[in-house]
Amino acid sequence: MKRGIAWITGSAVLAAASIGGWVVYSRRSNSAQTVNVRVLTVERTDVERTVNASGTVKLGSQQTLKAPSDATIVELSVEMGDRVSSGEELAILRDDEELTQLEEHLLRIRQQELEVEAKQQNVENASRSLAAARQERDRVFSRARTSDRASLVERQNEIEETTLTLENQRQAAIDARETLATERETLERDRDLFDRGFIALNQLKDAENTVRRVEAELRQAELQVRTTQLRLESLRASLETIRRQIEDDAIASEEERSEANATVRSAEIALQEAQYEANTATLDLQQLQLEAQTIEDRLQNRIVSAPIGGKVLNIDVVRGDVVQIGESLLTLGDPDREIVELNLSTLDAKAVRSGQPARISVIGPDEATFEGEVERISLSADSETVDSGSRESLAAVGAIVRLTEPSGTLIPGSQVNVEIVLDRQPDTISLDIEAIQQPDADPFVWLLDENNTVSPQNVTLGLDGLTVVEILSGLEPGDRVAVPPIDRELEPGITVEQQ
């Protein structure tokens with residue numbers, strides 16, 4: 001009996017000890033399964049898919065003006081930061097060699113003008129000689145036709161017609177002089193207005209061309225008057241000769257007629273030679289005038305004018321500098337239009353389109369963001385050096401982003417960061433990407449209940465952002481999701497603690 005009681009008592013003690021050990025083990029096991037996790041709350045936010053790149057700030061139509069030739073800077077009319085209008089004079093350049101060439105050409109032109117005048121005088125003398133020879137010939141021949149008075153009447157008619165023509169030509173010369181006086185007054189007035197900057201150079205040039213044209217018309221009119229006068233005098237002299245010939249009723253001999261014909265032929269040849277020399281001298285004068293005009297045009301090109309309205313960003317020269325052709329003078333840009341030039345990888349460029357919104361932010365401690373949009377993207381790729389040490393080059397696609405409103409603070413040439421928004425879902429259910437498990441297969445999240453127990457929850461993903469992803473189904477705003485630690489995997493039913 002004692003042995004039986006001892007055995008029952010020992011069994012009871014052993015059982016009690018076993019039950020106590022199991023309770024302790026169970027508590028320790030549950031404590032070991034508790035995992036510290038980061039807990040995220042599902043919210044409604046904006047999800048964007050973007051492309052990021054760095055770019056260079058430039059002003060609209062920004063350009064650097066170059067020296068058109070080797071020259072000296074005579075005057076600079078602007079300073080850095082000045083606003084200029086299109087066509088405004090910026091700088092004046094001087095080419096001493098071309099100025100010397102122009103002076104030499106002007107001197108040669110004056111000498112050639114004198115030569116032309118002399119040749120034209122020779123033509124007039126030859127014309128008068130020819131007229132006299134013909135008159136003499138007519139006199140000689142008319143002496144054999146004393147009864148033929150028809151030539152007398154004809155000459156009288158010619159004198160009347162020539163007299164009327166002369167009066168008309170004189171009136172035309174008077175009109176040309178009055179027009180020339182008016183145009184010269186206009187030219188002097190335009191020169192005064194040009195000196196004061198009220199009119200453009202081309203308007204002054206038009207006035208000068210008008211004066212030269214009217215001067216030529218006056219010279220032509222005066223030449224016609226002189227020619228007609230000579231003709232009238234010649235006709236009158238011829239008329240008197242005819243009268244004398246009729247009165248004398250002399251008969252010229254065959255020898256006299258031959259001699260008269262020979263004299264006329266000689267006079268005609270002399271006139272042709274004089275006309276040829278005068279024409280040649282006139283052509284030489286025109287050639288010199290054309291060369292002088294070419295030099296003047298080149299000198300005129302030494303005035304550097306603003307091709308656009310904008311702001312002077314940089315001036316590379318000072319007054320007195322000697323510059324060579326193609327050397328930079330100054331840089332202009334339109335401050336009312338700011339752009340960013342950037343290069344995109346060929347992969348990113350495939351998704352970028354004109355008109356997509358963009359955000360431009362300053363690289364550095366001074367944070368500032370400006371709105372813009374993609375204005376243009378190139379259809380071809382160029383090589384871009386990405387590593388100055390290895391000189392490695394990658395294909396890049398150029399793009400231009402225009403700021404919606406000019407910032408007024410971005411410095412042209414500075415680097416900025418550009419974020420182009422490719423796609424956007426506003427106010428949608430979203431979650432950090434790191435909370436998504438198996439995103440490429442069957443995505444799910446670890447959903448927390450009110451007891452902090454995790455369970456897998458399948459989700460349908462939408463638009464991928466940089467750090468968040470759109471949730472199309474499976475979660476609602478306010479749901480809590482656990483992000484597993486790196487060194488521990490979660491299992492359904494595990495209780496977790498928030499870090």
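**Exercise 1. Two residues with positive phi**

Is Ser61 counted as buried, partly exposed or exposed, and at what relative accessibility? Carry out the same analysis for Asp427.

Solution.
- Step 1. The structure is a predicted model, and the values below are computed from it.
- Step 2. Locate Ser61: this residue belongs to strand 2, which covers residues 43-66.
- Step 3. Consider the backbone: Ser61 has a phi near 55°, which is positive although the residue is not a glycine.
- Step 4. Apply the cut-offs: a residue is buried under 20% relative accessible area, exposed over 50%, and partly exposed in between. Ser61 has a relative accessibility of 45%, so it counts as partly exposed.
- Step 5. Turn to Asp427, which is found in strand 13 (residues 415-432). Its phi is near 50°, again a positive value in a residue other than glycine.
- Step 6. The relative accessible area of Asp427 is 47%, and therefore this residue is partly exposed.

**Exercise 2. The protein as a whole**

State how many helices and strands the protein has, and describe its burial, contacts and surface.

Solution.
- Step 1. Count the elements: the protein has 6 helices and 19 strands.
- Step 2. Of the 499 residues, 33% are buried.
- Step 3. Among contacts with a separation of 6 or more, 78% join residues 24 or more positions apart.
- Step 4. The exposed area is about 30500 Å², of which carbon and sulfur atoms supply 48%.

**Exercise 3. Helix 3**

Compare the span of helix 3 with the expected value, and name some of its buried residues.

Solution.
- Step 1. Helix 3 runs over residues 150-195 and contains 46 residues.
- Step 2. From its first C-alpha to its last, helix 3 reaches 66 Å, close to the 68 Å expected at 1.5 Å a residue.
- Step 3. Buried residues of helix 3 include Leu152, Ile159, Leu166, Leu180 and Leu187, as well as Arg155, Glu158 and Asp190.
- Step 4. After the helix comes Gly197, with a positive phi near 80°.

**Exercise 4. The sheet of 4 strands**

Give the strand order of the open sheet of 4 strands and identify its edge strands.

Solution.
- Step 1. Recall the principle: strands of a sheet pair through backbone hydrogen bonds, in a parallel or an antiparallel manner.
- Step 2. The order of this open sheet is 6-5-3-8, and the pairing is antiparallel.
- Step 3. Strand 6 (303-305) and strand 8 (322-323) are the edge strands, each pairing on one side only.
- Step 4. Strand 3 (residues 71-76) is joined to strand 8 by 2 bridges, and the two run antiparallel. Here Thr72 stands opposite Val322 of strand 8.

**Exercise 5. The sheet of 5 strands**

Explain why one side of strand 15 and of strand 19 is left without a neighbour in the sheet, and describe the pairings made by strand 18.

Solution.
- Step 1. The open sheet of 5 strands has the order 15-14-18-1-19, with mixed pairing.
- Step 2. Strand 15 (454-458) and strand 19 (496-498) stand at the edges with a single partner strand each, so one side of each has no neighbour in the sheet.
- Step 3. On average, and with direction ignored, neighbouring strands of this sheet are turned by 50° against each other.
- Step 4. Strand 18 (residues 480-483) pairs with strand 14 (residues 444-448) in the antiparallel sense over 2 bridges. In this pair, Trp446 is opposite Ala482 of strand 18.
- Step 5. Strand 18 also pairs with strand 1 (residues 35-41), in the antiparallel sense over 4 bridges. Val483 in strand 18 is the bridge partner of Arg38.

Definitions and conventions: Residues numbered from 1 in each chain as written. Predicted model: local features only at pLDDT ≥ 70, side-chain atom pairs only at ≥ 80, totals over all residues. Heavy atoms only, no water. Pairing = 2+ DSSP bridges. Axes fitted to C-alpha atoms, helices over the stretch in contact; angles between N-to-C directions. Expected span 1.5 Å × (residues − 1). Buried < 20%, exposed > 50% of the residue type's maximum accessible area, 1.4 Å probe, protein only. Contact = heavy atoms within 4.5 Å. Areas by Shrake-Rupley, 256 points an atom, 1.4 Å probe, with all protein chains shown as cover.
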